[in-house]
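Colleague: Hi! Could you walk me through the ligand site in this one?
Modeller: Happy to. Let's put it on the screen.

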Amino acid sequence: MKVVLIGLGQAGGKLTQALASYDYEMGFDAIRDALAVNTAEADLQPLDIDTMLIGQDRVKGHGVGGDNELGAEIMQSAATEVLDGLDGRITSQAEGIFVVAGLGGGTGSGGAPVLAKELKRIYDVPVYVLGILPGRSEGSIYQANAGRSLKTVAREADATLLIDNDAWQSADESVEEGFETINQQIAQRVGLLLASGEVIDGVGESVVDSSEVINTLRPGGIAALGYASAKASEDSAENINTITSLARNALLTGTSLPNAVKAETALLVIAGQPERISRKGVERARSWLEDETGSLEVRGGDFPLESDRLAALVLLGGVERSNRLQAFLDRAAEAYEQATEQQAEPAATFQNDELEDLF
Ligand code: GDP
């Protein structure tokens, strides 16, 4: 799937760079262009991809702190400038646009829903958000910010692919220490998803098409991505169980949004050497996925790739009713309530246990 990435804020910029590098190193060419946008000059400096500093008149290149309302305002004022900067990058070849952002901060959190809305006004291709949820150990301001951002982003984007910072972390690292590792995991897994349907060197029996990714994301709302890989035999007949357990692990333990199992749609991509992919295994894995997700729309396909391993990617569309998401929203609402009580600002209204939209 040919996409253009726009990274907002610190996390958004770093992740966009990690995704672009992975895609380049693998020679996939799914990522056609990438731009990092930020209000903090220092966060743009280390990046190798093209960058754009916005909001100098308001924050003089120093960022918005954790103020996502200011992040949203600045993006609104800079919308024309950012869209002009994207002109010529989002060509007719692009099949989708991804806005990448950490939802718990300020610039990305506030900017992502605004930019998604502006992009949708102009472009016909789907506009997705790749959003990072703060881990459980992150402070309440992150939780509250992410809650409001997510609510607004889910309204504006065609779909929001969520990655929980706790999900793909190594056990022995704190969230901060683990950012590099997590970013690599995200780059590889999301990178493979985007590339499936692009690279058809050793033509498989049923290769994935970009439209299958787009159709899986069509229910809108929240999407999640699961991943698992394992060494595989050279003989496909010996890989039936490998494939079924890969699909199981991808959904049950390797997902970007833990406990997101029920979904409206799903896509199962098996990546690896075509000779190692067992059709029987794929069929069994697909029907298991249908039962487990409760989805009547489970798509599937192969992604031919030179490796002695096989990997399963499971993309879920329409997972908003997951327990994990509900638990996050409850936590975010509580954090937001506490924050607004402490500030006692009359403008910060919070009604009926619900998070307030950012705009
Ligand atoms: P912004 O620059 O104001 O948009 O704020 P940040 O991008 O720093 O957003 C803060 C949120 O993003 C927090 O929830 C952090 O845990 C998360 N975050 C910051 N940097 C990274 C990173 O490199 N990788 C990941 N996965 N998350 C990050």
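Modeller: This is a predicted model, and a good place to start is the record. The "binding site" annotation in the unreviewed UniProt entry covers Q10, A11, G12, G13, K14, G106, T107, G108, E138, N165 and N183.
Colleague: Which of these residues does the lining of the largest pocket include?
Modeller: The lining includes Q10, A11, G12, K14, G106, T107, G108, E138, N165 and N183.
Colleague: And where does G13 lie?
Modeller: G13 is in helix α1.
Colleague: OK, what takes up the space of the largest pocket?
Modeller: The ligand does: the space it takes is the largest pocket.
Colleague: How many residues surround the ligand?
Modeller: There are 17 of them, and Q10, A11, G108, E138 and N183 are the closest.
Colleague: Which helices each supply at least two residues of that shell?
Modeller: Those are α1 (9-26), α5 (107-122) and α7 (175-195). Helix α1 gives the most, with four residues.
Colleague: Nice. How do the shell residues divide into nonpolar, polar and charged?
Modeller: Six are nonpolar, nine are polar and two are charged.
Colleague: Let's zoom in on atoms. What lies 2.6 Å from an oxygen atom of the ligand?
Modeller: That's a polar side-chain atom of E138. The backbone takes part too: a backbone N or O atom of Q10 is 2.7 Å from a ligand oxygen atom, and for G106 a backbone N or O atom is 2.9 Å from a ligand oxygen atom.
Colleague: How much of the ligand's exposed area does the protein bury?
Modeller: Taken alone, the ligand exposes 570 Å², and the protein buries 92% of that.
Colleague: Great, can you recap E138 for my notes?
Modeller: Sure! E138 is covered by the "binding site" annotation in UniProt, is included in the lining of the largest pocket and is among the closest residues to the ligand.

Methods
Residues are numbered from 1 along each chain as its sequence is written. This is a predicted model: local features need pLDDT of at least 70, side-chain atom pairs count only at pLDDT 80 or more; totals for chains, interfaces and linings use all residues. Side-chain values use heavy atoms; hydrogens and water are left out. A residue is near a molecule or strand if one of its heavy atoms lies within 4 Å of it. A polar contact is a pair of N or O atoms within 3.5 Å; within protein, one must be able to donate a hydrogen and the other to accept it, and residues adjacent in sequence count only if both atoms are side-chain atoms. Accessible areas come from the Shrake-Rupley method with a 1.4 Å probe; for residues, only the protein chains shown count as cover. On a 1 Å grid over the protein atoms alone, a cavity is a set of points where a 1.4 Å probe fits but cannot get out, and a pocket is an open set with protein on both sides within 12 Å along at least five of seven lines; lining residues have an atom within 4 Å of a point. A molecule sits in a cavity or pocket if more than half of its atoms lie within 2 Å of its grid points. Ala, Val, Leu, Ile, Met, Phe, Trp, Tyr, Cys and Pro count as nonpolar, Asp, Glu, Lys and Arg as charged, and the others, Gly among them, as polar. UniProt positions are given in the numbering used here, feature names are shortened, and annotations may be inferred rather than shown by experiment.
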